[in-house]
Amino acid sequence: MAETEEPRGEEPKEPEVDFSSDLTAADRPPKRKPKRLGRPTMVVDDVHVRYRVFGARRMGTSSQFKPSLYKRLFDRTSKAVGSVSEVHAVRGVSFVARQGESIGIIGRNGAGKSTLLRALAGLMPYSEGAVYAKGQTALLGVNAALLPRLTGERNIVLGGLALGLTPAQVQAKFDEIVEFSGIGEFVSLPMNAYSSGMASRLRFAISTAKIPDILMIDEALSTGDAEFQRKSRDKILEVKDQAGTVFLVSHSSATVLSMCERVLWLDAGRLVMDGPAAEVVAAYKQTLPGNRR
Ligand SMILES: Nc1ncnc2c1ncn2[C@@H]1O[C@H](COP(=O)(O)OP(=O)(O)O)[C@@H](O)[C@H]1O
Ligand SMILES: [Mg+2]
């Protein structure tokens, strides 16, 4: 990364230094694949995410009165009243993601995978650190919001516009989205009439109508049938082909191994390991009590 274009006044130039060995040592000590690395798409620098948890006030402090809803809501915003505790869900995660990389994120329940992904997608504030992303990010997952009382059709239009497509582009993509989601005639029914699988397939189809630069998937692959998983894989490959970056949170080590060449392993909010998929998955599996997949 450190090219000569950085205008720094003071440095005495040392052109004879063997940068290649220096950089690999700092980056990933033992081995580095011969594959050419793309340009960085995302730089994550010491990111911390904290949830504030409100509540658990002691009973009896104002026992004469049952506080009104208004008062209880109001109290929540006040630091003086009530107790606020904190969940430090992501603790100092740093890495650089590059063009054409697909990166799996693994770890136990509660390790902070979803939280990290949401923070990277810009959907959650982080309390320390920085995230630099090049281009548009799209998070697909169980939480991506569509409006359940509206029909699939309306959600396709609104979702497409939210992605930055023009109305004409949405129209042009409409049939493709319906076809990709496989919901057929259900598209004209409100989404709350859908099965959860149908809803998540439509969500996925809408979110990938415009190929994002950085695609993030949280468990989405596990909700579909085999046919849909195949389509999802194609989308991931499409993103990679267009020199984008894919992040994939999955409980299935088989999925991670088949889709990702690099894996981040999180535990208790910390990045335990970052390296080639097979090595990291193997190391993670050794820490599991049974041999679950
Ligand atoms: N909305 C929330 N409010 C408070 N704590 C949360 C919230 N969401 C997640 N957490 C906590 O943050 C930690 C990380 O959660 P999460 O990112 O969902 O983990 P994972 O996706 O790896 O299972 C857990 O301790 C969880 O209890
Ligand atoms: Mg999760």
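Two strands are said to pair if DSSP finds at least two bridges between them, and by that criterion strand β8 (residues 262–267) and strand β9 (residues 270–276) pair in the antiparallel sense, over six bridges. The model described here is predicted. The points below take up the β8–β9 hairpin, then an open sheet of three strands with the order β2-β1-β4, and finally the crossings of helix α5 with α4 and with α6.

**The β8–β9 hairpin**

- Strands β8 and β9 form a hairpin in which two residues lie between them, and the antiparallel pairing of these strands extends over six bridges.
- Within this pairing, W265 stands opposite M273 of β9.
- In the turn of the hairpin, A268 has a positive phi of about 50°.

**The open sheet**

- The order of the three strands is β2-β1-β4 and their pairing is antiparallel, while the twist from one strand to the next averages 25°.
- The edges of the sheet are formed by β2 (83–98) and β4 (128–133), each of which pairs on one side only.
- Strand β1 (residues 40–55) is joined to β4 by five bridges in the antiparallel sense, and V43 has Y132 of β4 as its bridge partner.
- As general background, the side chains of a regular strand alternate between the two faces of the sheet.

**Surroundings of H88**

- H88 is a residue of strand β2, and, when residues up to four places away in sequence are left out of the count, H88 touches H48, V49 and R50.
- A polar atom of the H88 side chain lies 3.4 Å from the backbone oxygen of V90.

**Helices α4 and α5**

- The axes of helix α4 (residues 152–162) and helix α5 (residues 167–181) come within 10 Å and cross at roughly 130°, which means that α4 is oblique to α5.
- The crossing of α4 and α5 is right-handed, and the contact is made by E153, I156, V157, G160 and L161 on the α4 side, together with P167, V170, F174, I177 and V178 on the α5 side.
- Sorted by class, the residues in the contact of α4 with α5 are eight nonpolar, one polar and one charged.

**Helices α5 and α6**

- The axes of α5 and helix α6 (residues 196–207) come within 8 Å, and they cross at roughly 145°; the crossing of α5 and α6 is right-handed.
- From α5 the contact draws on I177, F180 and S181, whereas α6 contributes R201, L202, F204, A205 and I206.
- The residues of the contact of α5 with α6 comprise six nonpolar, one polar and one charged.
- I177 of α5 takes part in the contact with α4 and also appears in the contact with α6.

Key: Residues are numbered from 1 along each chain as its sequence is written. Chains are lettered from A and ligands numbered from 1 in the order in which they are written. This is a predicted model: local features need pLDDT of at least 70, side-chain atom pairs count only at pLDDT 80 or more; totals for chains, interfaces and linings use all residues. Side-chain values use heavy atoms; hydrogens and water are left out. Axes are lines fitted to C-alpha atoms, for helices over the stretch in contact, and angles run from 0 to 180 degrees between N-to-C directions. Helices (H or I, at least four residues) and strands (E, at least two) are DSSP runs, numbered from the N terminus. Angles under 35 degrees count as roughly parallel, over 145 as roughly antiparallel, 65 to 115 as roughly perpendicular and the rest as oblique. A crossing is left-handed if the near helix is turned anticlockwise from the far one by less than a right angle, and right-handed if clockwise. Contact means heavy atoms within 4.5 Å. Ala, Val, Leu, Ile, Met, Phe, Trp, Tyr, Cys and Pro count as nonpolar, Asp, Glu, Lys and Arg as charged, and the others, Gly among them, as polar. A polar contact is a pair of N or O atoms within 3.5 Å; within protein, one must be able to donate a hydrogen and the other to accept it, and residues adjacent in sequence count only if both atoms are side-chain atoms.
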